[in-house]
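I set out to look up how the ligand is held and which pockets the protein offers. My entries follow the order in which I went through them.

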Amino acid sequence: MTSTEQSFRIGLLGHGTVGSAFAKALPAHADRIARVTGLRPELSGVMTRSRGSFDELLENSDLIVELIGGIDPAREYLLRAMRSGRHVVTANKQLLSQHGEELWETARTQGVQLRFEGAVAGVVPVIRVLQESLSGATIDRVHGIVNGTTNFILSEMARSGMTYEQALAEAQRLGYAEADPSEDVDGRDAAAKMAIIARLAFDTPVHLDQVRYEGIEQIQPDDLEYARDLGLELKLVGTAERIDGGLSVRVHPIFLYPGHPLASVGGPFNAVTVESEEITEITMSGPGAGGPQTASAVLGDVVSAMIPPASTPPTQTVLEIVQDVVSAFYLHLEVADEPGVLAQVAQVLALQGVSVKSVVQKGLGNQARLVMVAHPVLESRFEAAMELIAALDVMRAPPRAIRVLEEQFG
Ligand SMILES: NC(=O)c1ccc[n+]([C@@H]2O[C@H](COP(=O)([O-])OP(=O)(O)OC[C@H]3O[C@@H](n4cnc5c(N)ncnc54)[C@H](OP(=O)(O)O)[C@@H]3O)[C@@H](O)[C@H]2O)c1
């Protein structure tokens with residue numbers, strides 16, 4: 001430390017995958033941070049379930065980094081830290097997607113910084129770009145691959161023909177999926193991240209409960225095989241978009257045409273595409289998780305908090321959350337191998353106003369399949385058609401449907 005440098009004390013809550021990587025990264029970068037900020041960052045204490053006291057940590061810190069996860073006691077610790085005038089940094093998406101307004105309001109009234117780049121898409125700087133770089137643009141739509149586990153599983157299924165179960169086991173073996181992967185594979189983790197993204201992009205309160213989500217557990221290898229014939233890539237995509245003066249936020253598996261910027265994002269990577277009239281479209285991509293990667297985003301937040309403030313402004317408008325949206329669909333039907341089947345299915349689809357863009361007929365006998373892509377239609381109409389199709393005598397198994405993103409880029 002030079003004689004003119006003051007120290008900046010950081011209290012660390014949690015010493016697991018991200019916390020321990022952060023504790024390692026901090027001294028390794030301290031010299032450079034001191035040169036940039038004039039303050040020397042140092043770890044003033046660590047608290048886990050088995051060691052440390054929060055009162056002591058708070059007393060000895062200028063900033064608290066929260067990396068314990070979950071709602072309680074993380075929420076209480078962050079509120080207490082901010083009410084005591086401390087800046088805070090967190091990577092906790094579940095907490096922000098359910099109690100964000102309370103936390104952001106506390107940061108504003110206390111005049112402290114609450115930073116959370118690590119909570120969404122790991123090291124990809126989505127939050128900073130939405131809060132700062134794009135604050136002069138009116139955002140129309142955001143699409144994101146914001147869960148690396150599911151992106152890895154779908155990439156493996158498409159690449160090797162593995163079943164969902166095999167690809168999940170491979171993801172667990174390589175450390176891309178946790179022993180209990182439920183929140184990743186059922187879409188809830190991505191939904192939490194999309195709630196945070198939507199809050200920032202559209203300046204309106206969005207709670208995790210308002211995000212409709214589906215996961216990838218039902219995806220079959222032959223969906224991916226047939227999709228290849230149709231020139232499509234399957235991804236778990238989060239969407240937040242303005243619709244008729246309201247806002248729709250949702251997460252589901254969706255087929256992309258190859259020109260879409262998210263179509264080529266493979267393996268455990270994350271990517272977010274922002275669309276707006278002023279900027280046309282930008283895409284950011286990179287590693288979505290991992291200890292050292294997320295710790296680097298957390299450290300970036302710490303440095304930002306050491307320099308002048310950025311804040312999440314109060315919401316100006318409350319947009320209505322729209323639930324029924326227009327989507328195109330891929331439809332996979334196991335049918336009886338007899339004349340007139342296609343005509344029956346087409347009649348039901350036409351009754352609900354669903355028009356078909358392309359059809360592939362596959363197999364014979366017990367293997368007979370109809371695979372089609374339908375033009376965009378209100379989802380409620382498509383769901384009604386699916387119920388009617390499921391009841392047809394010619395069906396050999398429940399119909400399977402996956403959304404298709406119709407937009408073409410490039
Ligand atoms: N892992 C990633 O790749 C990743 C990526 C992006 C964001 N995140 C987010 O980062 C945060 C941390 O994740 P992680 O993977 O590092 O978790 P982790 O490996 O499970 O570590 C959690 C740490 O928090 C401590 N802790 C848990 N409950 C506590 C309590 N009530 N009081 C005090 N300490 C407590 C644990 O203490 P013990 O050591 O005593 O058990 C452990 O040190 C989460 O919000 C997560 O969503 C993680």
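The entries below treat the ligand, the two pockets and two points of backbone geometry.

**Entry 1: status of the model.** I noted before anything else that this is a predicted model.

**Entry 2: the ligand shell.** I looked up which residues surround the ligand and found 19 of them. His15, Thr17, Val18, Arg49 and Gly290 come nearest. I then sorted the shell by class and recorded 6 nonpolar, 11 polar and 2 charged residues.

**Entry 3: polar contacts of the ligand.** I searched for N or O atoms of the protein close to ligand oxygen atoms, taking 3.5 Å as the limit for a polar contact. For His15, a backbone N or O atom lies 2.8 Å from an oxygen atom of the ligand. For Thr17, a backbone N or O atom is placed 2.9 Å from a ligand oxygen atom. Lys93 takes part through its side chain, where an N or O atom is 3.3 Å from an oxygen atom of the ligand. I next looked up the covered surface: on its own the ligand has 900 Å² of accessible area, and the protein covers 74% of that.

**Entry 4: the largest pocket.** Which pocket does the space taken by the ligand correspond to? I found that this space is the largest pocket. I recorded a volume of about 1,400 Å³ for the largest pocket. Its lining comprises 48 residues, of which Thr17, Val18, Lys93, Glu178 and Ala289 are the closest to the centre. Thr17 and Val18 had already appeared among the residues that come nearest to the ligand, and Lys93 among its polar contacts. I listed the elements that give two or more residues to this lining: helix 1 (17–37), helix 4 (93–110), helix 6 (148–160), helix 8 (182–185), helix 9 (188–202) and helix 11 (291–306). Helix 11 provides the largest share, with 3 residues. By class, I entered 18 nonpolar, 21 polar and 9 charged residues for the lining of the largest pocket.

**Entry 5: the second largest pocket.** I recorded a volume of about 290 Å³ for the second largest pocket. I found 17 lining residues, and those closest to the centre are Leu130, Leu200, Ala201, Phe202 and Asp203. Helix 5 (126–133) and helix 9 each supply at least two residues of this lining. The largest share, 4 residues, comes from helix 9, which also contributes to the lining of the largest pocket. I classed the lining of the second largest pocket as 9 nonpolar, 5 polar and 3 charged residues.

**Entry 6: backbone geometry.** Where is Asp203 found? I located Asp203 in the loop between helix 9 and strand 7 (212–213). Its phi is near 55°, a positive value in a residue other than glycine. I also noted a cis peptide bond from Asp72 to Pro73, with omega near 10°. Pro73 lies in the loop between strand 3 (63–66) and helix 3 (74–83).

Key. Residues numbered from 1 in each chain as written. Predicted model: local features only at pLDDT ≥ 70, side-chain atom pairs only at ≥ 80, totals over all residues. Heavy atoms only, no water. Near = heavy atom within 4 Å. Polar contact = N/O pair within 3.5 Å; in protein donor to acceptor, adjacent residues only side chain to side chain. Areas by Shrake-Rupley, 256 points an atom, 1.4 Å probe, with all protein chains shown as cover. 1 Å grid on protein atoms, 1.4 Å probe; cavity = no way out; pocket = protein on both sides within 12 Å on 5 of 7 lines; lining within 4 Å. Sits in = over half its atoms within 2 Å of the grid points. Nonpolar A, V, L, I, M, F, W, Y, C, P; charged D, E, K, R; others polar. Points joined across faces, edges and corners; volume = space filled by probe spheres on them.
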